[in-house]
Amino acid sequence: MASDAYQSPRGTRDLLPEELVRVRFLEETARDLARTFHYQEIRTPLFEETRLFSRSLGETSDVVDKEMFTVPPRVEGSLSYSFRPEGTAPAARAYVQGGCPASAPYQKWFYLGPMFRYERPQKGRERQFTQFGVEAFGANSPSLDAEVVDFALRFFEELGFGAELEVRVNTMGDPEDRERWKGQLHDYFKPGLSERCSDCQSRIERNPFRLLDCKVAQCQKLNEGAPSLRSELAEESAAHHAKFVATLEALGRTPKDDPGIVRGLDYYTRTVFEIHYPPLGARSALCGGGRYDGLVEEVGGTPTPAVGFAIGFTATEIAMAELGLPKPEALEPFQRDLQTQVYCVAVSEEDRLATTQLASQLRAARVQGVDLDYRNKSVKAQLKEAAKSGARVVALIGPDERAASCVCLRNMRTRDEKQVPESDLLTELLALLEE
RNA sequence: GUGGGUGUAGCUCAGUUGGUUAGAGCACCAGAUUGUGAUUCUGGGGGUCGCGGGUUCAAGUCCCGUUACCCACCCCA
């Protein structure tokens, strides 16, 4: 391997035609299901003003703190931009910029595209990765939260996942609930702080919530008996959570209430949830989401409730590979696009113009997958090429065919051949492709 | 940011205790009597063994450095 050859940047990968087959299957499944649930596609820029993310996700979140691809201001006083590390803040920004809060507050959107985080890559974690996410704006019903979870689960079911999936739910309460809780946590942790890890010590003032999900054993022990948010919940947010869980159950889902789910981003309120595929261990989360009733206001709009999820395709692909998914027949339509359907063969040099015209004529009739040789291959090699590329029919033209104004159609599977007059060509060809 | 592993043809890899012109399979190209795809057979192109330095009579093989990738931790998707 030449050492001076270019390679894709660390943490990114190319998707060549073969590899794109699986990805297209995921994408089509997502789009198809979005139609079913009546969510509409949006596309936002791949980069945004850095402040959009730092303010909405939280300065202390790891994503903002150390994982953003940031382009500093080009000149004194101009703006800093960052490649989007997630899709919710841009969606909320677009919602406000599009005038939705005033004109059409109820919107159900989805997005599908690349996100960027500057991290050390490893299995299931890339610097550029694809997320499929939905955002439902303008309604605060806990039933909508349940719909969003149901949507996410249905997506995995469509991909072929079974009962292995686990939905973990929790509530982050309202901002006032959290403020009360935050104070209590702070007071609770303060006395034993010296026995905790350095991360915890530095985080207690900035974000005491983060101490709860510290992975250090010693710290975890000290977390036992910490005040819970649940006991601080105001009546309204407690009722919201109860209704959310009850609705999910009525939809035949079995959420696991898990107070450990806190999500890494600041904008969540009330409902939060994750969908896990437990065999993946430490990286089992395939989907995360929740309600973010304060985000629209945070990015400059009138207060608007909203709820959504994001699914990472990378983790999903890994989980699918482990489960032997998708079923081959699910990929078939996408695989067929890679194959030639009709290959035009020229017997001699003098016949090449005729095959070029034939190919053009078939393409004008919108016959799919029409190809021919441009590398001066022998007849034998052209046939070989046709077989290798998956052609179902070969249309061969030689001096004889030209003299008789016909084309020789060869069924590559049965090896049958017949001379077809030009007038019947299209009919005969389509009949062969139908088989 | 911390730690571990790997780096030999386009791909997957083999290369014995360091020893002569570095191999295989697959892929690719061409041919096996003149207009036809299986299999088979024959031939061919293609590698300064990631890069730099060191040890040695001699290094793909040992040592050091460097770089890239992979994996784990952190965190997340």
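**Protein around RNA strand B**

Mentor: In this predicted model, H15 gives the largest share of the surface near RNA strand B, six residues.

Trainee: Which residues come nearest to RNA strand B?

Mentor: There are 41 residues around the strand, and Arg125, Leu396, Asp400, Met412 and Glu417 come nearest. On the RNA side, sugar and phosphate make up 49% of the atoms that come within 4 Å of the protein.

Trainee: What does the side chain of Arg125 sit by?

Mentor: An N or O atom in the Arg125 side chain is 2.3 Å from a base nitrogen of RNA strand B. Glu417 also has a polar side-chain atom by a base nitrogen of the strand, at 2.4 Å.

Trainee: And Ala285, which part of the RNA is that one by?

Mentor: A sugar or linking oxygen, which lies 2.6 Å from a backbone N or O atom of Ala285.

Trainee: Which elements give two or more residues to that surface?

Mentor: Strands E6 (128-137) and E10 (285-291), along with helices H15 (379-388) and H16 (399-404).

Trainee: How do the residues of that surface divide by type?

Mentor: Into 22 charged, 13 nonpolar and six polar.

Trainee: Different topic. At what angle do H2 and H4 pack?

Mentor: About 110°, with the axes of H2 (residues 50-57) and H4 (residues 88-97) 10 Å apart. Angles of 65 to 115 degrees count as roughly perpendicular, so that is what H2 and H4 are to each other.

Trainee: Which residues make the contact?

Mentor: From H2, Leu52, Phe53, Ser56 and Leu57; from H4, Ala89, Pro90 and Arg93. Five residues of this contact are nonpolar, one is polar and one is charged.

How values were computed:
Residues numbered from 1 in each chain as written. Chains lettered and ligands numbered in written order. Predicted model: local features only at pLDDT ≥ 70, side-chain atom pairs only at ≥ 80, totals over all residues. Heavy atoms only, no water. Near = heavy atom within 4 Å. Polar contact = N/O pair within 3.5 Å; in protein donor to acceptor, adjacent residues only side chain to side chain. Helix = DSSP H or I, 4+ residues; strand = E, 2+ residues; numbered from the N terminus. Nonpolar A, V, L, I, M, F, W, Y, C, P; charged D, E, K, R; others polar. Axes fitted to C-alpha atoms, helices over the stretch in contact; angles between N-to-C directions. Parallel < 35°, antiparallel > 145°, perpendicular 65-115°, else oblique. Contact = heavy atoms within 4.5 Å.
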